[in-house]
Amino acid sequence: MAQQLFSQGQMGGQTAMNIENYGLRPRQITQASGDELVSELQKYPSKNFYIMYVSGDHEILDFAETLEAILVDAKWKSAG
């Protein structure tokens, strides 16, 4: 028997059989993705780059540092 769900006269909110809230996913680049990025970036002439981020957010700082390392591995030139 199929499940049924009814919402009558609802003024906002959610109607669902099941809601799964996993929260924010961490911003990260896996080793495999990083290796693939390096491989793709090496197909292009190297460029100078500069990464800006919002101070005080440790997660985005880690992401920026990982991205910088990938670009440097691809022989691009970090400007800071």
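This briefing walks through the core, the helices, the loop after H2 and the segment before H1. The model is predicted. Its largest nonpolar core has seven residues. A search of the whole structure turns up one salt bridge.

**The nonpolar core**

- Seven residues make up the largest nonpolar core: Val38, Leu41, Phe49, Ile70, Leu71, Ala74 and Trp76.
- Two helices each supply at least two residues of this core: H1 (31-41) and H2 (58-73).
- Val38 is a core residue. Setting aside residues up to four places away in sequence, Val38 touches Ile70, Asp73 and Ala74.
- Two of those contacts, Ile70 and Ala74, are core residues as well.

**Helix H1**

- Which residues of H1 are buried? They are Gly34, Val38 and Leu41.
- Seen down the axis of H1, these buried residues fall within an arc of 75°, so they line one face of the helix.
- Ala32 and Glu36 lie on the other side of H1, and they are exposed.
- H2 is part of what covers the buried residues of H1.

**Helix H2**

- H2 has 16 residues. From its first C-alpha to its last, H2 reaches 22 Å. That is close to the 22 Å expected at 1.5 Å a residue.
- Ile60, Ala64, Ile70 and Leu71 are buried in H2. They cover an arc of only 125° around the axis, which puts them on the same side of H2.
- What do the buried residues of H2 pack against? They pack against H1 and strand S1 (48-49).
- Two of these buried residues, Ile70 and Leu71, belong to the largest nonpolar core.
- Look at the start of H2 for a polar detail. There, a side-chain oxygen of Asp57 comes to within 3.1 Å of the backbone nitrogen of Glu59.

**The loop after H2**

- Lys75 sits in the loop between H2 and strand S2 (77-78).
- Is Lys75 buried or exposed? Lys75 counts as exposed, because its relative accessibility is 61% and the cut-off for exposed is over 50%.
- Just after H2, Lys75 takes a positive phi of about 75°.
- Most residues other than glycine have a negative phi. Lys75 is a residue other than glycine, yet its phi is positive.
- Trp76 is in the loop between H2 and S2 too.
- Why does Trp76 count as buried? Its relative accessible area is 17%, and buried means under 20%.
- Trp76 is part of the largest nonpolar core.
- Leaving out residues up to four places away in sequence, Trp76 touches Leu41, Tyr44, Pro45, Ser46, Lys47, Phe49 and Leu71. Among them, Leu41, Phe49 and Leu71 are core residues.
- Trp76 and Asn18 are 58 residues apart along the chain, and 47 Å separates their C-alpha atoms.

**The salt bridge**

- Which side chains meet in a salt bridge? Those of Lys43 and Glu40 do, at 2.9 Å from N to O.
- The search of the whole structure finds one salt bridge.
- Lys43 is exposed, with a relative accessible area of 57%.
- Glu40 is partly exposed, and its relative accessible area is 36%.

**The segment before H1**

- Leu5 lies in the segment before H1. Leu5 is partly exposed, at a relative accessible area of 42%.
- Which residues does Leu5 touch, not counting those up to four places away in sequence? Its contacts are Thr15, Ala16 and Met17.
- Leu5 and Ala16 are eleven residues apart in sequence. In space, their C-alpha atoms are 7.3 Å apart.
- Gln10 is found in the segment before H1 as well. Gln10 counts as partly exposed, at 34% relative accessibility.
- How far apart in space are Gln10 and Ile29? Their C-alpha atoms are 42 Å apart, with their positions 19 residues apart in sequence counted as a separation.

Terms used. Residues are numbered from 1 along each chain as its sequence is written. This is a predicted model: local features need pLDDT of at least 70, side-chain atom pairs count only at pLDDT 80 or more; totals for chains, interfaces and linings use all residues. Side-chain values use heavy atoms; hydrogens and water are left out. A salt bridge is a side-chain nitrogen of Lys or Arg within 4 Å of a carboxyl oxygen of Asp or Glu. Buried means under 20% relative accessible area, exposed over 50%, partly exposed in between (1.4 Å probe, protein chains only). A nonpolar core is a set of buried Ala, Val, Leu, Ile, Met, Phe, Trp, Tyr and Cys residues joined through side-chain atoms within 4.5 Å. Helices (H or I, at least four residues) and strands (E, at least two) are DSSP runs, numbered from the N terminus. Contact means heavy atoms within 4.5 Å. The expected span of a helix is 1.5 Å times one less than its number of residues. The arc is that of the directions from the helix axis to the C-beta atoms. A polar contact is a pair of N or O atoms within 3.5 Å; within protein, one must be able to donate a hydrogen and the other to accept it, and residues adjacent in sequence count only if both atoms are side-chain atoms.
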